[in-house]
Amino acid sequence: MSETALYARLTGADEMPGEAEARNGLRHVAAQTLNKLADGLLDPKLVLSWLLGAMGAQGALIGALVPVREAGALLPQLALARVLQRLPGRKRFWAAGAAIQGLAAIAIALAALSLDGAAGGLAVVAALALLSVARAACSLSHKDAVADSVPKRRRGAVTGAGTSIAAAAVFAFGAGLATGVLPLTVTTVAGAAVLAGLAWLAAAAVFLTLDEIARETEHTRGEALRTLLAPLRQDAALRRFIAVRGCLTVTALAPPFLVMAEQGRMGASEPPGLASLGPLVLASAAASISSGYLWGRVADRSSRWALIAAGGLSALVLGVGAALGFLTGGLGGLSGAVALMFLAQLAYGGVRQGRKVHLTDMATRETRAGHTALANTVIGIVLLAGGLLGLLADAAGPAAVLALSAALAALGAYLALGLDEVQAGAD
């Protein structure tokens, strides 16, 4: 099968795409597959939480993993945007970020094999912080790189295909842990971290092979920070998008509280699900396999409706989890926790695909990097505030956190009704 035919099949193109688009599109799929494989192998909610627990790190360090990973990947973006907008291209910026993530992942593996306790936990968190900043560079530049080489109505399929392929590999990793084929040891998880590092290094190499059109840079030289912040005051559509995305951050923050609700924990600082890491990784990976390509295609048709549907699903799942937690003190055993985790991660996948495609398609070539940086910086602040959910769990229990999260997800879905249908406009 030719590159063009394979690309057309992956994206569901109605007409045969050009050779240049197919070549770049398949490279995006390959890089995204490697990138998401690495993400899954180093999932801070599951894998790194287990790793730090096995290393004997304090609960405070384990509780810092998700905020460091998520907020650290977003908060630096306004500063990075000022650098990116002075560059004629995007692929080297993304490749540099991927390569640094790879080196940081290998550093996590070395820390796990050589240290333990507080020292080991601090080393892992520090390496994760470096990885997160490098991830910010990738997040900021990726939307531009995709938009420059893949037309509207195929961008979600390109990124979604890579996500689904990678999730199949992560599913195999989880199956190995769940069945005992892979022993659940620090050495095994450290090996997964090394594999993640190599995947990011390979992704960087693939991304450098993209054919890229140089950009004009003179008009962005010396751009003031207030210019980057101006759209927040001037652009009502961007403000609504940020409000929607802010409400739907609960899809990223809530899953650990599902596990805590089943285990009857009253605090968020302990590593969730140590004995059940394999089944939970399986559930998360199965959701990614199911959702990546599907949500990508939905978002290509209407990213607005992808956000509405994913937000509504999240509200339903988290609401059920809250009700079960209040009424029974659990979620019906490991099987119930795994089922709700699958559905919660399915909704999270829809939110990720929907908001990425929506921002990519609503912005122009000139504004995309700045809007991405601005939106991500605001969301980074929201995610840091999300760390307070652990205090709510301490005070009122994880079911209360799930109830609040369900309400915010429902609000996000409602606000998404007011978003524009950006797929209808010109590229």
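Biologist: Happy to start at a helix end: which residue caps the N-terminal end of H12?

Modeller: Keep in mind that this is a predicted model. A side-chain oxygen lies 3.1 Å from the backbone nitrogen of Ala237, and a polar contact needs the two atoms within 3.5 Å. The residue that supplies this oxygen, and so caps H12, is Asp235.

Biologist: Nice. How far apart are the end C-alpha atoms of H12, and what should the helix span?

Modeller: H12 covers residues 236–247, which is 12 residues. At 1.5 Å a residue the expected span is 16 Å, and this agrees with the separation of its end C-alpha atoms, 17 Å.

Biologist: Which residues of H12 are buried?

Modeller: To count as buried, a residue must have under 20% relative accessible area. In H12 that holds for Leu238, Phe241, Ile242, Val244, Arg245, Gly246 and Cys247.

Biologist: Just after H12, is Thr249 buried or exposed?

Modeller: Thr249 sits in the loop between H12 and helix H13 (250–253). Beyond its neighbours within four places in sequence, Thr249 is in contact with Ile379, Val382 and Leu383. Its relative accessibility is 8%, so Thr249 counts as buried.

Biologist: Now the largest nonpolar core: which helix gives the most to it?

Modeller: That core has 58 residues, and the members touching the most others are Phe241, Val244, Phe257, Leu258, Leu307 and Leu402. One helix, covering residues 303–328, gives eight residues to the core. The helix giving the most is H16.

Biologist: What does Leu402 contact, leaving aside its neighbours within four places in sequence?

Modeller: Leu402 is among the residues that touch the most other members of the largest core. Contact here takes heavy atoms within 4.5 Å. The partners of Leu402 are Ala254, Phe257, Leu258, Ala261, Leu318, Gly321 and Ala322.

Biologist: How many residues are in the second, separate core?

Modeller: Its members include Ala31, Ala111, Ala112 and Trp200. The size of this second core is 52 residues.

Biologist: At what angle do the axes of H9 and H17 cross?

Modeller: H9 (residues 155–179) and H17 (residues 333–362) have axes that come within 10 Å, and H9 passes H17 in a right-handed crossing. Arg155, Gly156, Thr159, Gly160 and Thr163 of H9 make the contact with Gln353, Val357, Thr360 and Asp361 of H17. The crossing angle is roughly 145°.

Biologist: Last one: what share of the chain's contacts between residues at least 6 apart in sequence join residues at least 24 apart?

Modeller: The chain has 20 helices and zero strands, and buried residues make up 58% of its 427 residues. For the contacts you ask about, the share is 85%.

How values were computed. Residues numbered from 1 in each chain as written. Predicted model: local features only at pLDDT ≥ 70, side-chain atom pairs only at ≥ 80, totals over all residues. Heavy atoms only, no water. Core = buried A, V, L, I, M, F, W, Y, C linked by side-chain atoms within 4.5 Å. Buried < 20%, exposed > 50% of the residue type's maximum accessible area, 1.4 Å probe, protein only. Helix = DSSP H or I, 4+ residues; strand = E, 2+ residues; numbered from the N terminus. Expected span 1.5 Å × (residues − 1). Polar contact = N/O pair within 3.5 Å; in protein donor to acceptor, adjacent residues only side chain to side chain. Axes fitted to C-alpha atoms, helices over the stretch in contact; angles between N-to-C directions. Left-handed = near helix turned anticlockwise from the far one by under 90°.
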